Amino acid sequence: MKPIILGSGITACSFLYHFGKKFPGREVINLDSQHLFPSVDKNIKVLVSENGISRGVSSLGDLLLDSFEYFENEFSNFSGVQKVVQQHLCVPDFFDESKFVRRFLSSGTPLRYGPMTAPVFGVSSYCYLINPNIFLPELRNRSRLNIETLGKTITNIEIEKKIELTDLDKHTLVTENLFCGAGPFSKLLPINFLDSCRQERHKIVFGGAWGADVDFGSDSFVLTVNMANLIYDAEFKRVQITGKTVEDYNLIDSPGGLEENHHLFNSIVENLPAFSYGQIISSLRNKGHKRQPYLYHCRKNSLEIVSISGAYKNGYTTAPFMAKSYFNL
Ligand SMILES: Cc1cc2nc3c(=O)[nH]c(=O)nc-3n(C[C@H](O)[C@H](O)[C@H](O)COP(=O)(O)OP(=O)(O)OC[C@H]3O[C@@H](n4cnc5c(N)ncnc54)[C@H](O)[C@@H]3O)c2cc1C
């Protein structure tokens with residue numbers, strides 16, 4: 001009986017990658033439902049960074065650092081991943097200096113990078129810039145699994161003698177091993193028999209990015225001010241600015257929203273295209289209780305359901321890290 005991996009985002013691709021490492025050549029079924037439950041838009045450029053997190057302060061911080069280190073060791077030379085300069089900038093009016101010093105243990109030195117018009121105090125480091133359109137297929141290919149891909153919306157899951165998944169057309173798929181990477185839609189999947197799920201504490205939140213074509217030179221880079229990022233991808237000559245995640249759907253015109261963050265970067269960067277010139281991409285995220293991603297695991301006789309959810313802002317490090325931890329059990 002073939003194992004089923006549900007989803008086509010980073011969580012499901014991490015399951016595929018690690019499953020294939022452990023059982024190369026195995027046949028598996030991979031399901032997703034792009035028309036009803038689209039995965040996080042793969043056109044959004046994603047970054048992976050230590051972001052001034054210190055070890056020993058919180059369990060979430062430690063998980064993020066472990067996940068970052070794992071990502072760096074395992075995936076830094078994969079297609080779709082590039083190592084780039086990241087400047088953490090303390091821009092007055094947008095980032096409180098005392099908060100900056102607490103995070104980076106320094107008030108920084110004057111930095112001027114690429115299209116910046118003047119030096120700004122900050123700390124220089126590096127991060128990894130990921131193009132999901134290249135990286136996710138790379139994970140699938142490297143899994144060396146024999147993957148049967150099906151577009152199906154799962155509406156019910158029963159666990160009796162076998163695990164039975166029913167789709168919208170009332171067709172049933174049967175398996176003994178189910179791996180769920182349903183992202184923000186985890187809450188809608190009827191897997192509530194996982195007692196430990198605590199899915200009711202998860203929130204579906206709205207996030208997005210503004211992007212435009214511009215030539216800022218031949219090197220990719222990231223400028224970060226507090227939680228706002230300006231990402232420049234030199235290969236595609238494209239700039240992206242992210243906004244805060246919101247529960248009230250006011251993604252664009254709100255404090256920390258896309259337009260305000262565009263205004264912030266426009267004040268330190270030359271020739272940034274006007275806000276109205278760019279395009280907005282929006283996507284949902286799954287915010288776990290206390291922003292904590294979870295690996296849920298349910299075993300009954302020979303049957304097994306595993307789910308990673310709540311990845312929120314750090315799915316590209318925590319999902320592969322947690323999938324690895326599961327398959328190392
Ligand atoms: C604007 C934005 C910027 C971000 N920036 C970063 C960043 O810089 N760094 C970082 O690490 N993370 C970032 N994230 C977060 C990261 O993108 C997410 O954590 C990650 O993509 C979630 O992946 P996932 O595979 O868990 O879920 P998704 O990508 O949402 O995939 C869910 C999958 O499950 C399938 N599915 C769901 N329900 C069903 C069903 N009933 N039947 C069949 N299939 C189903 C869907 O079809 C889909 O394929 C960002 C997110 C956003 C929105």
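# A tour from the ligand to the helices around it

Begin by selecting the ligand in this predicted model. Of the 40 residues around the ligand, those that come nearest are G7, G9, S39, G183 and G315. Next, colour the elements that give two or more residues to this shell: α1 (10-22), β2 (27-32), β3 (46-48), β12 (203-213), β16 (279-287) and α6 (315-327). The largest share, four residues, comes from α6. If the shell is coloured by class, 20 nonpolar, 17 polar and three charged residues appear.

**The two domains**

Now give each domain its own colour. The domain assignment of the protein places residues 1-80, 131-201 and 289-329 in domain 1, and residues 85-124 and 203-287 in domain 2. The C-alpha centres of domain 1 and domain 2 are 28 Å apart. Where does the ligand lie with respect to the two domains? Domain 1 and domain 2 both give residues to the shell around the ligand, so the ligand lies between them.

Select next the residues at which the domains meet. Here 17 residues of domain 1 are in contact with 17 residues of domain 2. On the side of domain 1 that touches domain 2, the classes are six nonpolar, seven polar and four charged residues.

**Helices α1 and α6**

Return to α1 and α6, which both give residues to the shell around the ligand. Their axes cross at roughly 35° and come within 9 Å. This crossing of α1 and α6 is right-handed. To display the contact, select I10, T11, S14, F15, H18, F19 and K22 in α1, together with G315, Y316, A319, P320, A323, K324 and F327 in α6. Divided by class, the residues of this contact are eight nonpolar, four polar and two charged. Note that G315 of α6 takes part in this contact and is also one of the residues that come nearest to the ligand.

**Helices α1 and α4**

Keep α1 on display and add α4, the helix of residues 132-142. The axes of α1 and α4 are 8 Å apart, and the two helices pack at an angle of about 25°. Angles under 35 degrees count as roughly parallel, and α1 is therefore roughly parallel to α4. In this pair, α1 passes α4 in a left-handed crossing.

Which residues of α1 meet α4? Select I10, C13, S14, L16 and Y17 in α1; they meet L136, L139, R140 and R142 in α4. The classes in this contact are six nonpolar, one polar and two charged residues. I10 and S14 of α1 belong to the contact with α4 and also to the contact with α6.

Methods. Residues are numbered from 1 along each chain as its sequence is written. This is a predicted model: local features need pLDDT of at least 70, side-chain atom pairs count only at pLDDT 80 or more; totals for chains, interfaces and linings use all residues. A residue is near a molecule or strand if its C-beta atom, placed from the backbone, lies within 6 Å of it. Ala, Val, Leu, Ile, Met, Phe, Trp, Tyr, Cys and Pro count as nonpolar, Asp, Glu, Lys and Arg as charged, and the others, Gly among them, as polar. Domain bounds come from an automatic or database domain assignment. Axes are lines fitted to C-alpha atoms, for helices over the stretch in contact, and angles run from 0 to 180 degrees between N-to-C directions. Angles under 35 degrees count as roughly parallel, over 145 as roughly antiparallel, 65 to 115 as roughly perpendicular and the rest as oblique. A crossing is left-handed if the near helix is turned anticlockwise from the far one by less than a right angle, and right-handed if clockwise. Two residues are in contact if their C-beta atoms, placed from the backbone, lie within 7 Å.
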